[in-house]
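Dear colleague,

I am handing over the structure that we spoke about, and my notes on it follow below. Please read them with the sequence and the coordinates open beside you.

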Amino acid sequence: MSIWWSLHLRREAASVPLARRLLIGTMETAGVDPDISYDLSVALSEACANAVEHGGDTACGGPGSEAYRVTAYLDGEKCRIEVADAGPGFPAASAGRSRPPIRPAHSDAENGRGLCLIEELADHVHIGNKPGRGGAVVSFDKVLKWREDAAPLMAV
């Protein structure tokens, strides 16, 4: 079975639950275990919230800076999600690294936990910048488990 979808969303807070509900509905229909669905939906919410908050270039103000893209693939035993924006991207890193290391936020901080949560909830995470055009890309995947009461959705 293979399912994929892509959304082009405005950088508004209301877009985050829309993407989350679509992902949860897709995984529920496909027969994915609810715990896996929940983990991926929280990770997606964090990635979308980052795109909404940081994903625009206020200096340019062009139409691309007001949107971001979410793509999800359920393919066989894995779900892969990518969130890409048109913002300034991640700061350049030193020593040949593609980005600076993610540091956990202080316990009393009101923000700064999103990327750490994504890394905890997903099996593999890639965080970097789009080549050329600018913008950040956060992609992550997780091995799927299936509900015991339902067989996985199969292609016909």
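**Helix packing and the nonpolar core**

Helix 1 and helix 2 are roughly antiparallel to each other, because angles over 145 degrees count as such and these two helices pack at an angle of about 155 degrees, with their axes 9 Å apart. Please keep in mind throughout that this is a predicted model. The crossing in which helix 1 passes helix 2 is right-handed. On the side of helix 1, the contact is made by Ser-15, Val-16, Ala-19, Arg-20, Leu-23, Ile-24 and Met-27, and these meet a set of residues in helix 2 that includes Ser-37, Leu-40, Leu-44, Ser-45 and Val-52. Sorted by class, the residues of this contact are 12 nonpolar, 4 polar and 1 charged.

One of the residues on the helix 2 side deserves a separate word, namely Ser-45, which lies in helix 2. Is Ser-45 buried or exposed? Its relative accessibility is 11%, and since buried means under 20%, Ser-45 counts as buried. When residues up to four places away in sequence are not counted, Ser-45 touches Val-16 and Arg-20, both of which are listed in the helix 1 part of the contact described above.

Helix 2 (residues 34-54) also packs against helix 3 (residues 114-121), at an angle of about 155 degrees and with the axes 9 Å apart, which makes helix 2 roughly antiparallel to helix 3. Here, however, the crossing is left-handed. The residues that helix 2 brings to this contact are Asp-39, Val-42, Ala-43, Glu-46, Ala-47 and Asn-50, while helix 3 brings Gly-114, Leu-115, Leu-117, Ile-118 and Leu-121. By class, this contact has 7 nonpolar, 2 polar and 2 charged residues.

Turning to the interior, the largest nonpolar core has 34 residues, and those with the most contacts inside it are Leu-23, Leu-40, Leu-44, Tyr-68, Ile-81, Val-83 and Phe-140. Among the elements that give two or more residues to this core are strand 1 (2-10), helix 1 (15-30), strand 2 (67-75), strand 3 (78-85) and strand 5 (136-143), but the largest share, 9 residues, comes from helix 2.

Leu-23 is a useful place to start when looking at this core, and, leaving aside its neighbours within four places in sequence, Leu-23 is in contact with Trp-5, Leu-40, Ser-41, Leu-44, Ala-72, Cys-79 and Ile-81.

With best wishes

How values were computed. Residues numbered from 1 in each chain as written. Predicted model: local features only at pLDDT ≥ 70, side-chain atom pairs only at ≥ 80, totals over all residues. Heavy atoms only, no water. Axes fitted to C-alpha atoms, helices over the stretch in contact; angles between N-to-C directions. Helix = DSSP H or I, 4+ residues; strand = E, 2+ residues; numbered from the N terminus. Parallel < 35°, antiparallel > 145°, perpendicular 65-115°, else oblique. Left-handed = near helix turned anticlockwise from the far one by under 90°. Contact = heavy atoms within 4.5 Å. Nonpolar A, V, L, I, M, F, W, Y, C, P; charged D, E, K, R; others polar. Core = buried A, V, L, I, M, F, W, Y, C linked by side-chain atoms within 4.5 Å. Buried < 20%, exposed > 50% of the residue type's maximum accessible area, 1.4 Å probe, protein only.
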